[in-house]
Amino acid sequence: MEKMPESIYASDISRSERAILAEVLINYDFQVKLISKVRSAYKLCTDKGVFCLKRVSHGYGKAKKSYYIMKHLKENSWNNIAEIYYAKEGKAIIRHKGSAFYITYWIEGREVSLSTIEEIIRYTELLADFHNNAKGFEASERIKIKLHTKKWPMAFAKCRNELEKYAVCIDKLKIKAEFDYAYREAIDYFLNEAEYAMEILSRSKYKETCEHYISEGYICHDSYYYQNILIDKNNKLYVVDLESCQFDMPMSDLGKLIRRILSKKKFKWDFDLCRKMIESYCRLRPMSREEYEILLAMLVFPHKFWKLGKKRYVKKKKWSEDKYKKKLKRLLRERQYKKEFIYCYIKFYTLVIDFDTDINNP
């Protein structure tokens, strides 16, 4: 094997990475001039253009799933994803020492901004377009893809029960920090919020809606974050990183997107922005009345509060006390805004759901 010159590697690429890259890139018919690292991918400048090399650690199945979903989208003439560049022998994926590698043409652009309403609306429309075109994907026996469509009640219950465990964990601490006292005091409020979300879901036509989406073969991205949406110099949007895709209801992606944006300090659970996002989504993929209820359940569930507790008491993430306290204070301040949001959502969409007054007094 011809050794690649050290001068082509950026300084932040380790020696072990360089050895792996050299062995992987020998499978391709281009000459590499420069390799740099961008987030979790490698940017390859070659004599045949600029490419993106993606490494999926311990994930040949994930890489294969990603490839076949990309192929499905291309067959539906959906061009908001990168083009695969095949290896010399026509392979889409190269396996090497437990990892999987694939190459696409490089998309020269930037990540979308979640600070401007215009881009947020376009970002939401792209999600609807993705759902429409990913629909009908048929996974062969060679591809493993999760079916999460019926698992919402189980996932909600699991997180709700974990909140109770965090309370027990805090009560057993011999030495408690200021964060521990504040988090423990807030648990009952957020437990009630979790139970309210579970009640909304149980009273909706969730099961019937699940059956519909299973029969239609809807794919969700499941990592529809701003890092995975690029916008090029021609203002065209692209979706990247499909390794997390799974079968689910489209409300899963949409709910996570709305929740992520509305919880930002700038928007403070602004119902008007939520309405605009839903309208932009529905222009391309209309929602049924049942979906509005299911979506509300996801938005009500105290995901961020549960996640903060998990970081502290399960993963034991080594953040400073100030960082933990700052994140908790923000969640506590948001309660009033979120309460008003839930009320506006129910009234605007004329849902037959009682507004829970128990979460009316944080």
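# A guided tour of the chain

Begin by selecting Arg260, which you will find in helix H7. The model you have open is a predicted one, and Arg260 is a convenient place to enter it. With a relative accessibility of 22%, Arg260 counts as partly exposed, because that class covers values between 20% and 50%. If you leave aside residues up to four places away in sequence, Arg260 touches Tyr224 and Tyr225. Now add Lys304 to the selection: Arg260 and Lys304 are 44 residues apart along the chain, and their C-alpha atoms are separated by 9.3 Å.

Next, clear the selection and look at the whole chain as a cartoon, where 11 helices and 11 strands make up the secondary structure. Turn the C-alpha trace along its principal axes, and you will see that it spans about 70 × 50 × 40 Å. How does the radius of gyration of the chain compare with that of a compact globule? For 362 residues a compact globule would have a value near 21 Å, and the chain has 23 Å, which agrees. Of the 362 residues, 52% count as buried, and among contacts between residues at least 6 apart in sequence, 72% join residues at least 24 apart.

Switch to a surface view, in which the chain exposes about 18500 Å², with carbon and sulfur atoms supplying 49% of that area. If you colour by charge, you can pick out 71 positive and 50 negative side chains, and the centres of these two sets lie 5 Å apart.

Now show the aromatic side chains, since a search of the whole structure finds 34 aromatic pairs. Zoom in on Phe137 and Phe247, which form a tilted pair with 6.5 Å from centre to centre and 35° between the planes. Phe137 lies in the loop between helix H3 (117–134) and helix H4 (152–172), while Phe247 belongs to strand E11 (residues 246–247), so this pair ties together parts that are 110 residues apart in sequence. Are these two rings buried or exposed? Both Phe137 and Phe247 are buried.

Stay with the aromatic residues a little longer and select Tyr166, Phe179, Tyr183, Tyr189, Phe190, Phe305, Tyr313, Trp319 and Tyr324, which together form one aromatic cluster.

Return to strand E11 and select Gln246, which is found in this strand. Gln246 has a relative accessibility of 6% and therefore counts as buried. Which residues is Gln246 in contact with, once its neighbours within four places in sequence are left aside? The contacts of Gln246 are Ile145, Lys146, His148, Tyr218, Ile219, Cys220 and Asp222.

Another buried residue to visit is Tyr345, which is found in helix H11 (residues 321–348). The relative accessibility of Tyr345 is 0%, so this residue counts as buried. Not counting residues up to four places away in sequence, Tyr345 touches Phe271, Cys274, Ile278, Tyr292, Leu295, Leu296, Leu299 and Leu351. Select Arg275 as well, and draw the distance between the C-alpha atoms of Tyr345 and Arg275: it is 8.4 Å, although the two residues are 70 apart in sequence.

Turn next to two loops, where the backbone angle phi is worth displaying. Ser77, in the loop between helix H2 (60–75) and strand E4 (84–85), has a positive phi of about 60° although it is not a glycine. At 57% relative accessibility, Ser77 counts as exposed. Lys268 sits in the loop between helix H7 (250–262) and helix H8 (271–284), and its phi is near 50°, again a positive value in a residue other than glycine. Lys268 is partly exposed, with a relative accessible area of 40%.

Finish with two distances across the model. Select Glu164 in helix H4, a partly exposed residue with a relative accessible area of 37%, together with Met249; the two are 85 residues apart in sequence and 28 Å apart in space, C-alpha to C-alpha. Then select Arg203 in helix H5 (residues 178–203), which counts as exposed at 63% relative accessibility. How far apart in space are Arg203 and Ala22, C-alpha to C-alpha? Arg203 and Ala22 are 56 Å apart in space, and 181 residues apart in sequence.

How values were computed: Residues are numbered from 1 along each chain as its sequence is written. This is a predicted model: local features need pLDDT of at least 70, side-chain atom pairs count only at pLDDT 80 or more; totals for chains, interfaces and linings use all residues. Side-chain values use heavy atoms; hydrogens and water are left out. Helices (H or I, at least four residues) and strands (E, at least two) are DSSP runs, numbered from the N terminus. The radius of gyration is taken over C-alpha atoms; the globule rule is 2.2 Å times the number of residues to the power 0.38. Buried means under 20% relative accessible area, exposed over 50%, partly exposed in between (1.4 Å probe, protein chains only). Contact means heavy atoms within 4.5 Å. Accessible areas come from the Shrake-Rupley method with a 1.4 Å probe; for residues, only the protein chains shown count as cover. Lys and Arg count as positive and Asp and Glu as negative; His and the chain ends are not counted. The place of a charge is taken as NZ of Lys, CZ of Arg, CG of Asp or CD of Glu. Rings of Phe, Tyr and Trp (its six-membered ring) pair if their centres lie within 6.5 Å; planes under 30 degrees apart count as stacked, over 60 as edge-to-face and the rest as tilted.
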